[in-house]
Structures are given as C-alpha cells and as structure tokens.
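Here are my notes for a colleague who is new to this structure. Please read them with the model open.

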Amino acid sequence: YRQEPKYYEDNRYFTVYVPGKTLRYEIFSWYEAEADDSVYQVGFAADAAFGAFVDQMLARGGQNTKATADRTDRILTLSTCSAQGKRFVVHGKLLEIRQ
C-alpha cells in the first residue's frame, strides 16, 4: 500500500475467518505509527471521542481511498513491524458478516 499507490485499487478489502463466521472489511486508511501511538487505544468514554479517533485515522491515511468511516462503524486495525522501530497499520471497517 505504501510503496505502490495503485495497489489499493486491486486490494481494497480483507477477510477475517473466525469459527462459524467470515468477516469482510474495507480498508480506509494506512500509515506508519510509533509502537506507543494512540492508534492502539481501546475503549472510549463517549461516541464523540471515538468519532474524533476515527477522523484522526482518516486524516493520517497515506492515500485518499474515497472509503469512509465514522463513529458508528466497527473498525479493525491490523499492525505489523515496519522500518526503524515503527509499525505499519491498516484500518478497515466491517462491511458484512457471513455465517
């Protein structure tokens, strides 16, 4: 995603398989983050706080994906090691659950 801007066009979604369910997500943002970045926060006191957090994810994104997300979405963040001690994160919003 970071190295080839057109990669997103063919890889906009990811799937998570859990026992009895298949979860499909649409990627809306990705970027590098520090290991102690706020992106790893869980639990929010109010909808407004989570809405601001989602807005921050969108603003930090590496490319305008035209995908949207807001405080009502169920979001999953994937994270892996990156260069110089940072992490590469990808955010997706849940589109569908198949039984």
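The points below go through strands, one serine, aromatic rings and charged pairs.

1. Status of the model. This is a predicted model. Please keep that in mind for every point that follows.

2. The β1–β2 hairpin. Strand β1 covers residues 13-18 and pairs with β2 in the antiparallel sense. Six bridges join the two strands. One of them can be found at V16, whose bridge partner in β2 is L23. Two residues separate the strands, and the arrangement is a hairpin. In the turn, look at G20: its phi is positive, about 80 degrees.

3. The other partner of β2. Strand β4, residues 87-98, also runs antiparallel to β2. Here the pairing extends over eleven bridges. L23 is a useful landmark. Its bridge partner in β4 is I97, while V16 has L23 as its partner in β2.

4. S29, in strand β2. Is S29 buried or exposed? Its relative accessible area is 1%, and the cut-off for buried is under 20%, so S29 counts as buried. What does S29 touch, beyond residues up to four places away in sequence? The list is M57, L58, R60, G61, V89, V90 and H91. G61 deserves a second look, with its backbone nitrogen 3.5 Å from a polar atom of the S29 side chain.

5. Aromatic pairs. The whole structure holds five aromatic pairs. One of them is Y1 with W30, a tilted pair with 5.1 Å between centres and 45 degrees between planes. Y1 belongs to the segment before α1 and W30 to strand β2, so this pair ties together parts 29 residues apart in sequence. The two residues differ in burial: Y1 is partly exposed at 23% relative accessible area, whereas W30 is buried at 3%.

6. A pair within a helix. The ring centres of F50 and F53 lie 6.4 Å apart and the planes meet at 35 degrees, so this pair is tilted too. Both residues are in helix α2, three residues apart, or about one turn of the helix. Both are buried.

7. Cluster and charge over a ring. Y1, Y7, Y8 and W30 make up one aromatic cluster. Y13 has a charge over its ring: the charged end of R24 sits there, 4.3 Å from the ring centre.

8. Salt bridges. How many salt bridges are counted? The count is six. E32 and R2 form one of them, with the closest N and O atoms 2.8 Å apart. E32 is in strand β2 (residues 21-33) and R2 in the segment before α1 (7-10), so the bridge ties together parts that are 30 residues apart in sequence. E32 is partly exposed at 32% relative accessible area, and R2 is partly exposed at 47%.

9. Two further salt bridges. R71 and D47 meet at 3.0 Å, N to O. This pair links distant parts of the chain, 24 residues apart: R71 lies in the loop between α2 (47-60) and β3 (75-81), D47 in helix α2. R71 is partly exposed at 43% relative accessibility, as is D47 at 49%. R98 and E96 form another salt bridge, with their closest N and O atoms 3.1 Å apart. R98 has 47% relative accessibility and counts as partly exposed. E96, at 30%, is also partly exposed.

Technical notes:
Residues numbered from 1 in each chain as written. Predicted model: local features only at pLDDT ≥ 70, side-chain atom pairs only at ≥ 80, totals over all residues. Heavy atoms only, no water. Salt bridge = Lys/Arg side-chain N within 4 Å of Asp/Glu carboxyl O. Helix = DSSP H or I, 4+ residues; strand = E, 2+ residues; numbered from the N terminus. Buried < 20%, exposed > 50% of the residue type's maximum accessible area, 1.4 Å probe, protein only. Pairing = 2+ DSSP bridges. Polar contact = N/O pair within 3.5 Å; in protein donor to acceptor, adjacent residues only side chain to side chain. Contact = heavy atoms within 4.5 Å. Phe/Tyr/Trp six-rings, centres within 6.5 Å; stacked < 30°, edge-to-face > 60°. Lys NZ or Arg CZ within 6 Å of the ring centre and 35° of its normal.
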